[in-house]
Amino acid sequence: MKKLSFLFLGGAKRVGIGRLFKKAAADLGYEAEIVGYELDRACPLAAIATDIVEGLRWSDPGIFAHIDDTVTRLGIDIIMPFVDSAVGVAAEYAARYPHRKVFVPAPCRKLADKMFDKVAAAELFEQKGLPIPPTYHAGDPCLRLIAKPRFGSASKGIVEINSLQKLYEFQGREDKYLIQERIDNREEITVDCYAEVTTGRIVGISPRIRLETAGGEAVRTVTVDSPQASALARRAIEETDLRGAVTVQIIHDLDNDRYMIMEINPRLGGGAVASVYAGFNLPAAIIQDALGERPVAAGAAQAGVLTTRFLDDVVFRPND
């Protein structure tokens, strides 16, 4: 079988999706080799990876040269970023080294960075006429607000504002937080999507609900039938011209039946495995896109597919 090599950036715990990439590659006639790029080589991905490269921090100025050395030395075909900071790095690497012809299923760095800046993303969504929870700037105080760190992730650092005193604490800190209306009676829907990198054609969309999270990631999730969330996710991708793997976070205001965008992450979500088992084969779409083939459009993902994670052990012996 022909070889197909993946470099997982920040995919230390992505064993489940890694196995699905291997299966999708095999179904297409390829033997997949997965290489991890991590600060610590002793990570769970080692259970299925060909190698784990000891990498640099995403902010290290030498990271692009180091990734290029890894790409050329190990013959990498596809780079998969799995954490926020890795998306921009992967996109910029592809732009800096186009002659390597390495496939990265992500938008350009400028757009990727904007998606991970909650203030800039909210401004872009408003410019495009996409519905989001109303953003608080100044004026009449509203005491049902939520403050999100501008560059935060995994729901860390979020503060609920329930009093004037708490609101006043955020005055002068608008450059560090996005403050929006808080929707208390809500349902949060995550939508896994893929758009061809070259054409922008949306290959598939699969909504799901995170039933349980740990460390900001879904550990128990179920696919659902939500035409409204699917339509909003499609509209958001088309309006922003996002490409590659996209995870759209939508909030459904149950009191007013409003569907609004919370945020968009231009990468595979931690719970995307559920969508694969529901019928939206994201790994196959990525591989076909990388090979220059037109990915087969996914039909409607089956609702009610529940996936749950469990703890397992990966053992590293001395000198192993």
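What volume does the second largest pocket have? In this predicted model, the second largest pocket comes out at about 950 Å³. Its lining is made up of 29 residues, and Lys13, Val15, Gly16, Arg309 and Phe310 are the ones that lie nearest the centre of the pocket. Several elements chip in here: α1, β10 (217–223), α8 (273–277) and β13 (306–308) each supply at least two lining residues. Sorted by class, the lining of this pocket has 15 nonpolar residues, along with 7 polar and 7 charged ones.

Helix α1 turns up again in the helix packing. Two packed helices are described by the angle between their axes and the distance between the axes. For α1 (residues 15–27) and α9 (residues 282–290), the axes come within 8 Å and cross at roughly 55 degrees. An angle of that kind is neither under 35 degrees nor in the 65 to 115 range, so α1 counts as oblique to α9. The crossing of α1 past α9 is right-handed. On the α1 side, the contact is made by Ile17, Leu20, Phe21, Ala24 and Ala25, while α9 brings Pro283, Ala284, Ile286 and Ile287. Which classes of residue does this contact have? It has 9 nonpolar residues, with no polar and no charged ones.

A second pair of helices, α2 (residues 63–74) and α3 (residues 84–96), has axes that come within 10 Å and cross at roughly 75 degrees. Because 65 to 115 degrees counts as roughly perpendicular, α2 is roughly perpendicular to α3. Here α2 makes the contact with Ile63, Phe64, Ile67, Asp68 and Val71, and α3 meets them with Val89, Glu92, Tyr93 and Arg96. The class count for the contact of α2 with α3 reads 6 nonpolar, no polar and 3 charged residues.

Next come the closed spaces. How many cavities of 30 Å³ or more does a search of the whole structure find? The search turns up 1, and about 70 Å³ of space lies in the largest cavity. Which residues line the largest cavity? They are Met115, Lys118, Ala121, Ala122, Phe125, Ile132, Leu178, Gln180, Ile261, Met262 and Glu263. At least two of these lining residues come from each of α5 (118–127), β7 (177–181) and β12 (258–265). Helix α5 gives the largest share of the lining, with 4 residues. As for class, the lining of the largest cavity splits into 8 nonpolar residues, 1 polar and 2 charged.

Conventions:
Residues numbered from 1 in each chain as written. Predicted model: local features only at pLDDT ≥ 70, side-chain atom pairs only at ≥ 80, totals over all residues. Heavy atoms only, no water. 1 Å grid on protein atoms, 1.4 Å probe; cavity = no way out; pocket = protein on both sides within 12 Å on 5 of 7 lines; lining within 4 Å. Points joined across faces, edges and corners; volume = space filled by probe spheres on them. Nonpolar A, V, L, I, M, F, W, Y, C, P; charged D, E, K, R; others polar. Axes fitted to C-alpha atoms, helices over the stretch in contact; angles between N-to-C directions. Parallel < 35°, antiparallel > 145°, perpendicular 65-115°, else oblique. Left-handed = near helix turned anticlockwise from the far one by under 90°. Contact = heavy atoms within 4.5 Å.
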